[in-house]
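Thanks for coming, everyone. Please take a moment with the sequence and the picture, and then I will talk you through one part of the fold.

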Amino acid sequence: MRIDPGYSELHRLSDGTEVRLRLLRASDRGKFAAGFRRLSPESRYRRFFSLMPELSERMLRQLTLTDDWDHLAIIAERVAGDDATSLGVARYVRLRYTPDTAEASVAVIDEMQRKGLGRLLVTTLVEAARERGIHRFRASILAENEAGKLLLHSLEEHATARIEDGHANPARLLQLIAQLRPRPEGVRRRDQSQRRCCARHADDCLVEPERSGVGACPVRIDR
Ligand SMILES: CC(C)(COP(=O)(O)OP(=O)(O)OC[C@H]1O[C@@H](n2cnc3c(N)ncnc32)[C@H](O)[C@@H]1OP(=O)(O)O)[C@@H](O)C(=O)NCCC(=O)NCCS
C-alpha cells in the first residue's frame, strides 16, 4: 500500500469507533492542538518527557510541518460527527547521519487508549517508513511506561524489537530499537516534486533527534 498524500484508510476500533488514518498536513494545526489538549498530564509527560502544560506556536508549527519523507506523521480522526480533534498521531523523524534510521513517537488521547489505535498508528507508520527506505526505528521511552513497551512488542510481525537500558539518567529513559522487516515491493524513490519543509523553513523543523538528546522532542534544527 502506498502511504502518500492521497492515503486514507478507515478502521473500526475495539469499541466500535470508526476512525480514518491519513497523513498529517500543515492545515491540521487546529486538530492537532485540540488533540494535545485532550492528553492527560501523564500522557504528555510520557510523550514529550516534560510537563508541557501547553504547546507553543512554534512547537505546533514544528510538529505539523512535515515533508512526508524525512519527517512524516500519521493522524487518526473520528469518521462520524464533527469532532475536530486528532485522536492520535504517530510520527518519525529520519536521522541525518544514519538515514535508514528514524526516531519514532506516538500518542493517543487518553479517552481512546486501549482500543487498538496506538498499534494501528504505529503499524501504518512502519509501512510508510519502509516505503521510504527506513529500516530501523529508535524511540526513547520512560522505564515505567508499560503501555509504550507493550505496544512495541505487539508489532512483532513487522519488526524485531529490543530495549536498551544502557544509560542511567534521572529521567530513566530507555532506548527502544525496532528493526523493521524488509518490504517485498522494495523502496520508493523520493518524488522530486515533494515539498522539502526544512529547506524553506529551517526555523520550523525538528532537530536531528540524535543531537537533541531527548528523542523526538521538538527543538530547532540547525541547517
Ligand atoms: C503508548 C500508547 C500510544 C498506546 O496506545 P493505545 O491506543 O492505548 O495502544 P493499543 O490499544 O493499540 O495497545 C497496544 C498494545 O499495548 C497494550 N496496552 C496498551 N496500553 C496498556 C496499558 N495501559 N496497560 C497494559 N497494556 C497496555 C495493549 O494490550 C496492546 O497489546 P496487544 O496488541 O498485545 O493486545 C498510549 O498509551 C499513549 O498515547 N501513551 C502516552 C504517550 C506515550 O507513552 N507514547 C510512547 C512513547 S513516544
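Let me begin in the parallel part of the sheet, where, in this predicted model, T101 has R136 of strand β6 as its bridge partner. From strand β5 the chain runs through helix α4, residues 117–131, before it arrives at β6, and this β-α-β crossover is right-handed. The two strands, β5 and β6, the latter covering residues 136–142, are paired in the parallel sense over 3 bridges.

Now please look at the other neighbour, strand β4, residues 86–94, which pairs with β5 in the antiparallel sense over 7 bridges. Here G88 stands opposite V108 of β5, and the connection from β4 to β5 is a hairpin through 6 residues.

So how many of the residues of β5 are buried? For this strand, residues 101–108, the count is 8 of 8, and therefore β5 is largely enclosed by the rest of the structure. It may help to recall that in a regular strand the side chains alternate between the two faces of the sheet. In β5 both faces are covered, with T101, E103, S105 and A107 buried on one side, and A102, A104, V106 and V108 buried on the other.

Let me finish with helix α1, residues 29–37, in which K31, F32, G35 and F36 are buried. Because these residues cover an arc of only 140° around the axis, they lie on the same side of α1. Among the elements that cover the buried residues of α1 are α3 (57–64), β3 (71–78) and β4, the last of which is also the antiparallel partner of β5.

Conventions. Residues numbered from 1 in each chain as written. Predicted model: local features only at pLDDT ≥ 70, side-chain atom pairs only at ≥ 80, totals over all residues. Buried ≥ 20, exposed ≤ 12 C-beta atoms within 10 Å, placed from the backbone. Helix = DSSP H or I, 4+ residues; strand = E, 2+ residues; numbered from the N terminus. Pairing = 2+ DSSP bridges. Right-handed = clockwise from strand over helix to strand, strands pointing away. Arc of directions from axis to C-beta. Contact = placed C-beta atoms within 7 Å.
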